[in-house]
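Dear colleague,

I am passing on the structure we spoke about, with the sequence alongside it. Below it you will find notes on what turned up, in an order that should be easy to follow on screen.

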Amino acid sequence: MNVTIPDKSYFRIGEVGKILGVEPYVIRFWESEFKTVKPIRTRSDQRLYRRKDVEELFTIKILLYEDMFTIAGAKKRLSNMKKERSGVDDDHYRILSDVKKKLREIRKIIK
């Protein structure tokens, strides 16, 4: 599924629905279920989605419609995807902790 997101900063819910090919009520439901989608609200209480929100909604759509995840499964997968992107896991923390310990030992030797 290939979607082109226009080069804009903010999108109204109708625009997002057209981009993703879903109805606005589906987007509102996803917004309530997936806390990573946080549109800003205008004074007139309209939702304005940032580009990152639209990209997140597109990922959610793929997980739910193409990969056939449940809502709970999609939440877990999104969480795992974010951890993979950040590249931080237990091994990294352990290695950084060891480096920090060695640096403290070097500092004691120098002083």
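Ile 95, Val 99, Leu 103, Ile 106 and Ile 110 together make a nonpolar patch on the surface, with an area of about 480 Å². One of these residues, Leu 103, is found in helix α5, and some care is called for here, since this is a predicted model and helix α5 (residues 90-110) has the lowest mean pLDDT among the elements of the protein chain, at 84. At the other end of that ranking stands helix α2 (residues 24-33), whose mean pLDDT of 97 is the highest. For the protein chain as a whole the mean pLDDT is 90, and 95% of the residues reach 70 or more.

From the surface I turn to the interior. In soluble globular proteins, nonpolar side chains tend to be buried together. The largest nonpolar core in this model has 22 residues, and those with the most contacts inside it are Val 16, Leu 20, Trp 30, Tyr 49, Leu 57 and Ile 60. Helices α1 (13-20), α2, α3 and α4 each supply at least two residues of this core, and α3 gives the most, with six residues.

Two residues are useful starting points if you wish to look around this region. Tyr 49, one of the residues with the most contacts inside the core, touches a long list of partners once its neighbours within four places in sequence are left aside, among them Tyr 10, Phe 11, Ile 13, Val 16, Ile 27, Val 54 and Leu 57. The list for Tyr 49 also includes Arg 12 and Glu 31, as well as Ser 9 and Pro 39. Ile 27, which is placed in helix α2, counts as buried because its relative accessibility is 0%. With neighbours up to four places away again left out, Ile 27 is in contact with Ile 13, Val 16, Gly 17, Val 22, Tyr 49 and Leu 57. As a reference distance, the C-alpha atoms of Ile 27 and Arg 77 lie 19 Å apart in space, the two residues being 50 apart in sequence.

Next come the charged pairs. Side chains of opposite charge can pair when their charged atoms come close. The count of salt bridges in the model comes to seven, and three of them are described here.

In one, Glu 31 pairs with Arg 47, and their closest N and O atoms are 2.8 Å apart. This pair links distant parts of the chain, with Glu 31 in helix α2 and Arg 47 in strand β3 (residues 47-50), 16 residues apart. Glu 31 counts as buried because its relative accessibility is 14%.

Another salt bridge joins the side chains of Glu 33 and Lys 75, at 3.3 Å from N to O. Here helix α2, which holds Glu 33, is linked to helix α4 (residues 71-86), which holds Lys 75, and the two residues are 42 apart in the chain. Glu 33 is partly exposed, at 25% relative accessibility, and Lys 75 is likewise partly exposed, with a relative accessible area of 36%.

Which residue does Lys 82 meet in a salt bridge? The partner is Glu 56, with 3.2 Å between N and O, and the pair connects Lys 82 in helix α4 with Glu 56 in helix α3 (residues 51-66), 26 residues apart. Lys 82 is partly exposed at 32% relative accessibility, whereas Glu 56, at 9%, counts as buried. Not counting residues up to four places away in sequence, Glu 56 touches Thr 36, Val 37, Leu 78 and Lys 82.

Finally, two backbone angles deserve a look. Asp 45, found in the loop between β2 (40-41) and β3, has a phi near 70 degrees, a positive value in a residue other than glycine. Met 68, in the loop between α3 and α4, also has a positive phi, of about 60 degrees, although it is not a glycine. Are these two residues buried or exposed? Asp 45 is partly exposed, with a relative accessible area of 48%, while Met 68 is exposed, because its relative accessible area of 63% lies over the 50% cut-off.

With best regards

Terms used. Residues are numbered from 1 along each chain as its sequence is written. This is a predicted model: local features need pLDDT of at least 70, side-chain atom pairs count only at pLDDT 80 or more; totals for chains, interfaces and linings use all residues. Side-chain values use heavy atoms; hydrogens and water are left out. pLDDT is the predictor's confidence in each residue, from 0 to 100. Helices (H or I, at least four residues) and strands (E, at least two) are DSSP runs, numbered from the N terminus. A salt bridge is a side-chain nitrogen of Lys or Arg within 4 Å of a carboxyl oxygen of Asp or Glu. Buried means under 20% relative accessible area, exposed over 50%, partly exposed in between (1.4 Å probe, protein chains only). A nonpolar core is a set of buried Ala, Val, Leu, Ile, Met, Phe, Trp, Tyr and Cys residues joined through side-chain atoms within 4.5 Å. Contact means heavy atoms within 4.5 Å. Patches are made of residues with over 30% relative accessible area and no salt bridge: like charges are joined within 9 Å, nonpolar side chains (Val, Leu, Ile, Met, Phe, Trp, Tyr) within 5 Å. Accessible areas come from the Shrake-Rupley method with a 1.4 Å probe; for residues, only the protein chains shown count as cover.
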